[in-house]
Amino acid sequence: MNHLLSIEELDRAAIERIVAQATRFAEVADREIKKVPALRGRMVLNLFYESSTRTRSSFELAAKRLSADVVNFAPGGSSVEKGESLKDTVLTLSAHKPDAIVIRTPWVGAAELVCRWCSAAIVNAGDGKHEHPTQALLDVYTLRRRLGALDGLSVWIVGDVAHSRVARSNILALQRMGAKVTVAGPPTLIPRDIEALGCEVRHTLSEMQGADVVYALRMQHERMTESWVPSLREYATWYQINARRLRPRQLLMHPGPVNRGVELSGEVVDSPQSLISAQVEAGVVVRMAVLYELLAGSHSPARAPLRPAPEPQPA
Amino acid sequence: MMAAMSAVQTLLRRPQPRASLLFEDVHVIDPRMEIDRRLDVLVAEGRIAKLAEPGTLSADAVEPRAETIAGQGRHLMPAFFDPHVHLRTPGQEHKEDLETGTRAAAAGGFAGVIAMPNTDPVIDSAPLLRSLRAAAEREARVPVGFLPAITRGLAGAELSEMAELRQEGALGFTDDGRPVAGAGVLRKALQYQRLCGGVLTLHEEDPTLSAGGSMREGPVSAALGLTGIPSVSESTMVARDAALAFYEQGRVHFQHLSAVASVEAVAAAKAQGARVSAEASPHHLLLTEEELRGLDTRMKMNPPLGCEQDRQALIEGLRSGAIDCVATDHAPHTREEKEVPFEQAPMGTTGLETAFAALHTMLVRPGVLSLALLIDRMTAGAQLFDLPLHRILEGEPANLTLIDLEASWVPGEHGWESRSENCCFAGRQLIGRVLITIADGSVAYRQRSFTLVGA
């Protein structure tokens, strides 16, 4: 594996391998000295065009636990504001020969583009609304730890699917692991033809009691001001996951940060059914596993081949 | 209707010597003239002087002595006409200019093009149009006509001085790049058209439906997390403007159709007696949203590539005549502009150099459309703008293109005539290569590796 750009590019075996590796690293987290020397001397560069303390610190912690050096590059207030293009930013940073670049942007496909310009291992930490593969991997890991195999499991993803890269990556990842996925939310926030990804679509939560896992998505305030939903109050009335809707044996997940009182009631967040803090813990070990898979034992990134631009199909 | 200005003045090109040459033993195919056989064709002083049985004409018959081109049965057609190109002049010459754009046209077999006004500044006043036409008279390799803007600055609010622009040589008007969003404004333009004439040429898009979109709404946009542009953004506006055109008995041409419902709306309007016409681009006729799975920015266009049903409806529309002509919407952008994350990239593909070859390869050769029909639709655009059709007829000015229908080539492999490279057909094996184009009586393009015999 040279890069982690998407769940789309991973098969079940690859996901299983990362989960297994993360499990091994989970034991490290329980020791007093939480470091392994696997990536000592390697450099991981965080290139975050979107502010994100949670994901970035999760990656930073993962890299440091592997003894790698970490450099954070936040383009706000830098040459990017002077109009430097993504390509030029990447070319400049590549001159420092990072071993890996973890990149988060508001733009679909940016991580894949970066592969063409830089021979470092590229990790997509979120590209616009497209994918957030490490989130889906840590979600799968969390469920595996709790439930074992996911085959036949029913997972409902509830909320603003249209704007959610977490949803897209999870729809793919959970299905690859054998689960059945249903997406549910206001009709204005479920993309047309999302069924093409293999999931079912519902516009109410009336059948949700059959789910094993309920995955709630963040409901952002902007969705109301831009008329996607009439009000957050109406959203909460129809879609909020609360003690009335969540059955005792159902597990609750959320990518964070939570909007208490909007997509989740406080009581379910704090209940034993919630896997939310387990997800956060999982984030570090899964990201350790990803960095380890990409870098440990691999040849120096300067010798890795550049990913070519997509070839058009022959006539 | 206002008295038309002299038609000769509406397309302009640089001064070039009038060609005299003999096409010896070429397979002439001109569906309008009902010619489909091998002939000798003599061009003298820029006019088609004689058509005769192969081997019966000699270049010596012409003063001054003409070149002889050994046809070897290769196909001589009326040169094509493209009513929708972006030549990026003035203000965006880093992408294309009048010279490079018309060179690209000639390389694709075109002997006439109409350029769009979404330049910098926008062509919305007579002095700007006059200056641009003067530039075309100095620089253009094939005759160029212009459509100035319907509204000032393309803002969709105030009409441009359409009557004065018409006197200055405007073939019609368009806000292309943008729709005329307000029906009230378009209606006024249709009414004013009764004074000034010209074709109101419409880019159809509802900005409240297309906002933020970068590809067609559908399973691919759902999978990629890209905001999609639904087909109804275009088709509802086509239907609206067809109804307005009928109500005001105006003359309207619909640009770059991309959806089933749009084709249906145009066909229905025609059946009703509305004076409407329509065009489709090679990329919409040949490609679909599936091309975008790899996020290739060369596939990012406006309107976006549709689904397979749309594509089939466009092909059928072209065949039936609901769609009158092919138009490339040649839209050059520089590499820097396109080599950015997909959502940031400008929309558009170049198309002049590949239009015929791509359509020939992917529709004619597999038997979907006949060669005769393709030639008809690639030349028909002139008539829609009240310009003379290119015809292979003794006495007519020579507008001809010689094409080797067996030659295989890869666009972009040896560079482009266009200043820009953003072609959606780049890298594909295409069959059918332009060898020489004669535009308005002068040689406008000769393929570099094509050798002539004699002279």
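**Exercise 1.** Leaving aside its neighbours within four places in sequence, which residues is Thr437(B) in contact with? State also where Thr437(B) lies and whether it is buried or exposed.

*Solution.* The model is predicted.
- Step 1. Place the residue: Thr437(B) belongs to strand 17 of chain B, residues 430-439.
- Step 2. List the contacts. Beyond four places in sequence, Thr437(B) is in contact with Ala106(B), Gly109(B), Phe110(B), Leu400(B), Thr401(B), Ser442(B), Val443(B), Ala444(B) and Tyr445(B).
- Step 3. Look for a polar contact. The backbone oxygen of Ala106(B) is reached by the side chain of Thr437(B) at 2.7 Å.
- Step 4. Decide on burial. Buried means under 20% relative accessible area; Thr437(B) has 0%, so Thr437(B) is buried.

**Exercise 2.** Find the strands that pair with strand 16 of chain B, and say how they run.

*Solution.*
- Step 1. Take strand 5 of chain B, residues 75-78: 4 bridges join this strand to strand 16, and the two run antiparallel. Within this pairing, Pro78(B) has Leu400(B) as its bridge partner.
- Step 2. Take strand 17 of chain B: 7 bridges join strand 16 to strand 17, again antiparallel. Here Trp409(B) stands opposite Leu430(B).
- Step 3. Ask how enclosed strand 16 is. Of its 10 residues (400-409), 8 are buried, so strand 16 of chain B is largely enclosed by the rest of the structure.

**Exercise 3.** Describe the open sheet of chain B whose pairing is parallel.

*Solution.*
- Step 1. Give the order: 5 strands are arranged as 9-10-13-14-15.
- Step 2. Name the edges. Strand 9 (172-174) and strand 15 (325-326) of chain B each pair on one side only.
- Step 3. Examine one pairing. Strand 14 of chain B, residues 275-280, meets strand 15 over 2 bridges in the parallel sense. Glu279(B) has Cys325(B) in strand 15 as its bridge partner.

**Exercise 4.** How many residues does the largest nonpolar core hold, and which of them touch the most other members?

*Solution.*
- Step 1. The core holds 102 residues. Those touching the most other members are Met77(B), Phe254(B), Leu257(B), Leu285(B), Leu286(B), Phe356(B) and Met378(B).
- Step 2. Find the main contributor: helix 12 of chain B (residues 355-364) supplies the largest share, 8 residues.
- Step 3. Follow one member. Not counting residues up to four places away in sequence, Met77(B) touches ten listed partners, among them Ile29(B), Phe356(B), Leu371(B), Ile375(B), Leu400(B) and Leu405(B).
- Step 4. Note a second, separate core of 69 residues, which includes Val140(A), Leu174(A), Val183(A) and Leu217(A).

**Exercise 5.** Classify two of the aromatic pairs and say which parts of the chain each ties together.

*Solution.*
- Step 1. Count the pairs: over all chains there are 5.
- Step 2. Tyr49(A) and Trp107(A) have ring centres 5.1 Å apart and planes at 55°, a tilted pair. Tyr49(A) sits in the loop between strand 1 (43-48) and helix 2 (53-65) of chain A, and Trp107(A) in the loop between strand 3 (100-105) and helix 4 (110-117), so the pair ties together parts 58 residues apart in sequence. Tyr49(A) is buried at 17% relative accessibility, and Trp107(A) is buried at 19%.
- Step 3. Phe80(B) and Phe110(B) are 5.7 Å centre to centre with 70° between the planes, which makes an edge-to-face pair. Because Phe80(B) lies in strand 6 (residues 80-85) of chain B and Phe110(B) in strand 7 (residues 110-115), the pair links parts 30 residues apart in sequence. Phe80(B) is buried at 0%, and Phe110(B) is buried at 1%.
- Step 4. Extend the set: ring pairs link Phe80(B), Phe110(B) and Phe356(B) into a cluster.

**Exercise 6.** Which residues of helix 4 of chain A are buried, and what covers them?

*Solution.*
- Step 1. The buried residues are Ala110(A), Ala111(A), Leu113(A), Val114(A), Cys115(A) and Trp117(A).
- Step 2. These are 6 of the 8 residues, so helix 4 of chain A is largely enclosed by the rest of the structure.
- Step 3. The cover includes helix 3 (86-94), strand 3 and strand 4 (121-127) of chain A.

Technical notes: Residues numbered from 1 in each chain as written. Chains lettered and ligands numbered in written order. Predicted model: local features only at pLDDT ≥ 70, side-chain atom pairs only at ≥ 80, totals over all residues. Heavy atoms only, no water. Core = buried A, V, L, I, M, F, W, Y, C linked by side-chain atoms within 4.5 Å. Buried < 20%, exposed > 50% of the residue type's maximum accessible area, 1.4 Å probe, protein only. Contact = heavy atoms within 4.5 Å. Polar contact = N/O pair within 3.5 Å; in protein donor to acceptor, adjacent residues only side chain to side chain. Phe/Tyr/Trp six-rings, centres within 6.5 Å; stacked < 30°, edge-to-face > 60°. Pairing = 2+ DSSP bridges.
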